[in-house]
Structure formats: C-alpha cells, structure tokens
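Let's take a friendly walk through this structure, pausing at a few places where the atoms have something to show. Have the viewer ready, and follow along from one stop to the next.

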Amino acid sequence: MTMLFDKIFAHSTRIIAITVLLVVAAIFTILFQESLLSIQSNGFAFLSDTKWAPNLEKFGALPSIMGSIISTFLAMILAIPVAIGVAIFLSEIAYERLKAPIGISIELLAAIPSVVYGMWGLFYFVPIVRDIFGGMGIGMLTAGIVLSIMILPFMAAVTRDAMNTTPDILKESAYALGATKWNVVKDVIIPYAKAGIIGSLILALGRAIGETMAVTFVMGNVHKISMDITQPATSIPVTLANEFTEADSDLYYSSLFELALILLVISFVIIAVAKSYFLRRTRRTS
Amino acid sequence: MATIINIPEAKAIQVNNLEFTYNGAPEPSLIDITMPIAKNSVTALIGPSGCGKTTLLRAFNRMHDLYPGHTYNKGEILFEGRNIIDPKEDLINLRIKIGMIFQKPTAFPMSIFDNVAYGLRLQGTKNKTELNDRVEKALKDAAIWKETADRLKDDANGLSGGQQQRLCIARAIAVEPDVLLFDEPTSALDPISTQGIERLVTELKEKMTIIIVTHNMQQAARVSDYTGFMYLGELIELGKTEEMFVTPKERLTNEYITGKFG
C-alpha cells in the first residue's frame with residue numbers, strides 16, 4: 001500500500017516537472033511560429049537595420065536592441081559599486097544591532113513592484129535629470145538610473161549572503177597576520193565570495209534587461225540610436241509594451257514577435273551563464 | 001589553589017591575574033590566570049572542552065577584539081615589557097609578532113606563493129627577490145618546500161589538508177614572529193599529517209616561543225616542554241611536561257590525565 005502511494009507520488013511530481021518544461025517549449029514554439037513571417041521577409045537585416053517605420057513596412061530592431069543593452073549597461077555601472085558597498089557594510093562593518101534592520105529593509109525594497117518605480121521615475125526623477133543633464137529628461141539615462149535603483153536591493157542582498165559564507169576562521173587567519181579590515185575584505189572575502197557575487201550580478205542583469213514597466217514610463221519609445229544618453233530612446237520590452245495594440249499589419253505583428261524572441265534568447269543566455277557560475281561554485285565548495 | 005612552578009628560562013610572556021568575559025556571558029571565562037610562558041620552548045594548554053584554553057590562547061594576539069563586547073576585566077599580559085591588553089596596544093603590530101595557526105587549515109583563495117607572501121606584502125615588502133627568498137625559506141622551514149617548489153603558482157586549495165596546514169605554518173613563520181600560537185592544529189588532520197605537524201612544532205621552538213592548545217594529552221606529552229592544565233576557566237597546574245604527566249601535584253590534574261573525566 002505504501003509502495004503504491006510512493007509510486008503515485010513519484011509519478012505525479014514527474015508529470016508536474018515535465019509540464020514546466022512543456023510550457024517553456026510552448027512559449028518558445030509560439031514565439032518562433034509568430035516570428036516566422038518577419039524572419040522570412042526582414043531577414044538578418046532585422047538585427048542591423050536602424051529604421052523602424054511600420055507605416056512603410058520597414059522594421060529594423062537595432063534601436064530596440066541597443067536601447068536594451070545600453071540602458072542595462074548604465075544600470076549595472078551605477079548599481080554594482082553601490083551594491084557591493086552596501087554588502088560590505090552589512091557583512092563586515094555594521095554592528096550586529098544594525099545588520100538585521102538594514103538587511104530587512106533592503107530585502108523589502110526588492111519587493112516594490114516595478115510599475116511603482118516607473119511612476120516614481122516619471123513624476124519625480126525625470127524633472128531632476130532634465131534640470132541636471134538637460135535634454136528631455138525622458139531617455140536612456142533616466143531609464144538606467146531607475147533600473148539601477150530597482151536592481152540594487154536584490155544585488156546587495158545576494159552579494160551580502162555570498163560574503164557571509166566566508167568562514168570566520170579564514171578571516172581570522174588574515175587578521176592574525178596583521179591584516180586590516182580593508183585587507184581582509186579585499187584579499188579574502190571578495191575572492192572567496194567571487195563566484196556568488198558574479199552570479200548575483202548576472203541575475204540582476206537578467207532582470208534589468210527584461211524589465212518593462214519601470215522603463216516604459218521613462219524611456220520615451222523613440223526608435224533612434226542617439227549617442228546622447230539624455231535623449232529619448234527605446235528598448236525591446238518598451239517597444240513591445242507600447243506597440244502591440246497598434247500593430248495593424250501581419251508583418252508589424254510578426255516583427256514584434258521576433259523582438260520578443262530575441263529578448264527571450266538574450267535572457268536565456270544570461271541565465272545560463274549565471275547558472276554555470278553557481279554550479280561551478282557548489283562543485284568547488286562540496 | 002593552583003600550582004604554578006617557577007621557570008628557569010627567560011620568559012616570553014607573563015600573564016598576571018587575567019580575567020576575561022565573553023559578550024553577554026554571566027560568568028567570566030578566564031578566572032585569575034597567572035602564568036609564565038618560557039622563551040624558545042613549547043607550552044601546551046590542556047583541559048576538557050569549555051575550560052578556557054582556547055579563550056586564553058586567543059587573548060595573546062587579541063583575537064577577541066574582532067568581535068564587539070568581549071572584555072578583559074582584570075589583570076595583564078606582559079610581552080616585551082608592556083601590557084598587551086592595554087586598549088592603546090597596536091594590534092596590527094602585535095599580531096605580526098604573535099602569529100596563529102587555527103583548528104582547520106585556512107589557505108586563502110590565492111596561489112601557494114601569494115599565501116606565504118601575504119603577511120610579508122602586508123608589511124610592505126615589495127622587492128621580488130626578497131619575497132622569493134623569504135617565501136622559499138618559510139616553505140623549507142615548514143617542511144613543505146619539496147611538494148610545492150614546482151607549483152607555487154597553483155591555487156593553494158588544491159593541496160591536501162596536511163599540506164595546507166603546513167602552508168599556513170609557512171605563512172605564519174614567513175613574517176618571523178616571536179611567538180606562534182597553535183589552536184588544536186591537528187584536529188582536522190590524519191595521523192601521518194599530525195606527526196609531520198608535531199615534528200615541525202618541536203623544530204620551530206629553536207626560533208620562536210610556541211603555545212599549543214590541544215585536546216589530545218598524548219600530543220601535549222609528545223611536543224611540549226611545559227604543560228598547563230585548565231579547568232572551568234582556571235589554570236589548575238603548570239609544570240614541566242615530563243613531571244606533570246607522571247607526578248601531578250593537583251588532584252584535578254591527576255584525575256584528568258588518568259581519564260577520570262574529560
């Protein structure tokens with residue numbers, strides 16, 4: 001009887017697990033199917049063309065792809081030093097009594113819905129960026145800043161957890177050789193936690209590149225590649241969110257699906273890289 | 001009352017009436033410790049778990065100061081003619097002079113060479129030839145040169161446990177400390193590696209003073225010149241090792257070394 005129950009249990013979990021795989025495969029298939037028209041008529045030029053003019057049936061994805069990459073890159077540049085600083089403070093410098101309250105508030109920040117970041121960015125941040133850097137206020141720079149604030153809590157929390165895995169005895173042996181706190185952080189903790197830190201950065205990168213709501217508000221949805229980051233631009237998720245309702249031709253519709261496919265592939269690659277880092281780390285520590 | 005013998009040799013360290021309490025603990029963990037440490041000899045600290053032997057060891061290089069709230073209530077530790085538990089003591093300097101080896105090997109996540117050069121670089125040694133010479137000397141003194149000479153650039157974590165512990169000893173002696181503290185250095189090692197470390201301890205006393213905490217009475221008997229027996233935060237007896245294991249003066253020492261408790 002118990003044997004039978006075990007068997008049923010094992011099979012049902014197996015079915016559930018396979019369902020997840022099926023869903024992923026289904027999403028991929030649909031995206032590919034819907035993109036087929038665009039892939040056939042736009043060809044590889046879709047990836048390199050800069051002109052996006054649906055009324056002329058011209059579809060170039062480069063402004064969206066570049067917008068995604070540049071805004072994410074800006075966000076990472078801004079967020080990484082702050083996140084690592086916060087993590088060092090929380091794991092090594094803060095007093096015990098401070099650690100928990102600050103740590104918990106940072107984890108709470110990670111729970112703010114991205115649409116709230118977007119609204120806050122549009123109504124509060126855009127005017128500030130306009131006053132300081134000129135331009136319209138809406139654009140790549142603002143999107144980068146809002147994104148960086150959004151991914152920072154997650155990055156800081158995971159980096160702190162990675163740093164906390166450094167054994168006390170390892171830190172003590174550095175102190176026992178006459179190391180200062182700065183030496184210990186730089187020479188022992190960061191190298192020891194390196195794999196975990198890089199993993200957290202890549203996961204944050206994956207989140208930033210696919211983020212839609214927060215950047216839709218502040219990006220501007222202008223299909224232009226501008227060297228000036230204060231100018232309005234667009235990114236893949238922003239284009240998708242803004243234009244699906246307007247897609248009046250089959251090719252337009254299919255081109256948007258191909259954009260979605262590109263985004264999915266980029267995110268997949270990022271997560272795969274992050275995973276391989278985490279796996280290498282667990283192999284080493286076990 | 002405790003039986004503390006007089007030591008004919010010069011003293012490297014003299015502890016007087018030391019009392020120490022951990023953060024938040026109701027009772028002190030070290031009670032009125034008075035203890036001489038003979039220069040260029042091995043002093044072993046033995047006693048059951050929780051007796052304070054590691055706590056005492058970690059007071060010598062002020063390791064307790066890494067964590068807030070631990071307090072030295074009373075007493076003094078004299079080293080080089082000054083009281084090193086003075087709050088004004090320069091801890092960086094002190095820890096260069098009083099090195100430490102831990103319960104488990106603690107190779108840093110860097111190459112074998114960089115591990116041994118770490119303390120030297122902290123002190124500002126940049127000259128390549130000097131670094132090379134001192135790393136080689138330290139590895140030779142720690143009896144691990146033969147195994148590492150052709151792989152100095154390799155990650156130190158690729159070494160075996162016993163090799164890593166000798167690497168840690170090389171790292172500690174590279175900065176030429178006056179005193180070396182061993183906190184149960186062989187508790188994570190196999191018998192053959194243990195033998196290697198014990199031989200090393202007896203060789204190193206030519207150059208420096210050694211204090212070793214051990215769970216293992218036989219180990220204390222094998223390596224040490226003096227043995228201190230601690231119980232519930234007090235130093236019960238300090239004597240010459242060969243005398244203490246044969247004719248202990250205190251009843252508690254006798255019961256511990258004959259295995260009545262522990």
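Contact here means heavy atoms within 4.5 Å. Please keep in mind that this is a predicted model.

Our tour begins in chain A. Which residues of α5(A) and α6(A) meet? From α5(A) come A:S114, A:Y117, A:W120, A:G121, A:F125, A:V126, A:V129 and A:F133, and on the α6(A) side they meet A:L141, A:T142, A:I145, A:V146, A:I149, A:M150 and A:P153. Sorted by character, the residues of this contact comprise 12 nonpolar, three polar and no charged.

Now for the geometry of that pair. Helix α5 of chain A covers residues 114–133 and helix α6 of chain A covers residues 140–164; they pack at an angle of about 135°, with their axes 9 Å apart. Angles under 35 degrees count as roughly parallel, over 145 as roughly antiparallel and 65 to 115 as roughly perpendicular, so α5(A) and α6(A) are oblique to each other. The crossing of α5(A) past α6(A) is right-handed.

Staying in chain A, look for A:K171 in helix α7, which spans residues 168–175. Is this lysine buried or exposed? Buried means under 20% relative accessible area, and A:K171 has 11%, so it is buried. Setting aside neighbours within four places in sequence, A:K171 is in contact with A:E92, A:T166, A:V184 and A:I189.

Let's move to chain B and its helix α1, residues 53–60. This helix is mostly covered, with seven of its eight residues buried: B:K53, B:T55, B:L56, B:L57, B:R58, B:A59 and B:F60. Just after α1(B), the backbone at B:R62 takes a positive phi of about 55°.

Two residues of α1(B) lead us on to the next stop, since B:K53 and B:L57 are among the residues that B:V213 touches. B:V213 lies in strand β9 of chain B, residues 209–213, and its relative accessible area of 0% means that it is buried. Its other contacts, not counting residues up to four places away in sequence, are B:L45, B:T54, B:F182, B:D183, B:E184 and B:P185. For a sense of distance, B:V213 and B:I98 are 115 residues apart in sequence and 15 Å apart in space, C-alpha to C-alpha.

Last come the cysteines. B:C51 counts as buried at 1% relative accessibility, and B:C168 counts as buried at 4%. How many disulfides does the structure hold? Over all chains, there are zero.

How values were computed: Residues numbered from 1 in each chain as written. Chains lettered and ligands numbered in written order. Predicted model: local features only at pLDDT ≥ 70, side-chain atom pairs only at ≥ 80, totals over all residues. Heavy atoms only, no water. Axes fitted to C-alpha atoms, helices over the stretch in contact; angles between N-to-C directions. Helix = DSSP H or I, 4+ residues; strand = E, 2+ residues; numbered from the N terminus. Left-handed = near helix turned anticlockwise from the far one by under 90°. Nonpolar A, V, L, I, M, F, W, Y, C, P; charged D, E, K, R; others polar. Disulfide = S-S within 2.5 Å. Buried < 20%, exposed > 50% of the residue type's maximum accessible area, 1.4 Å probe, protein only.
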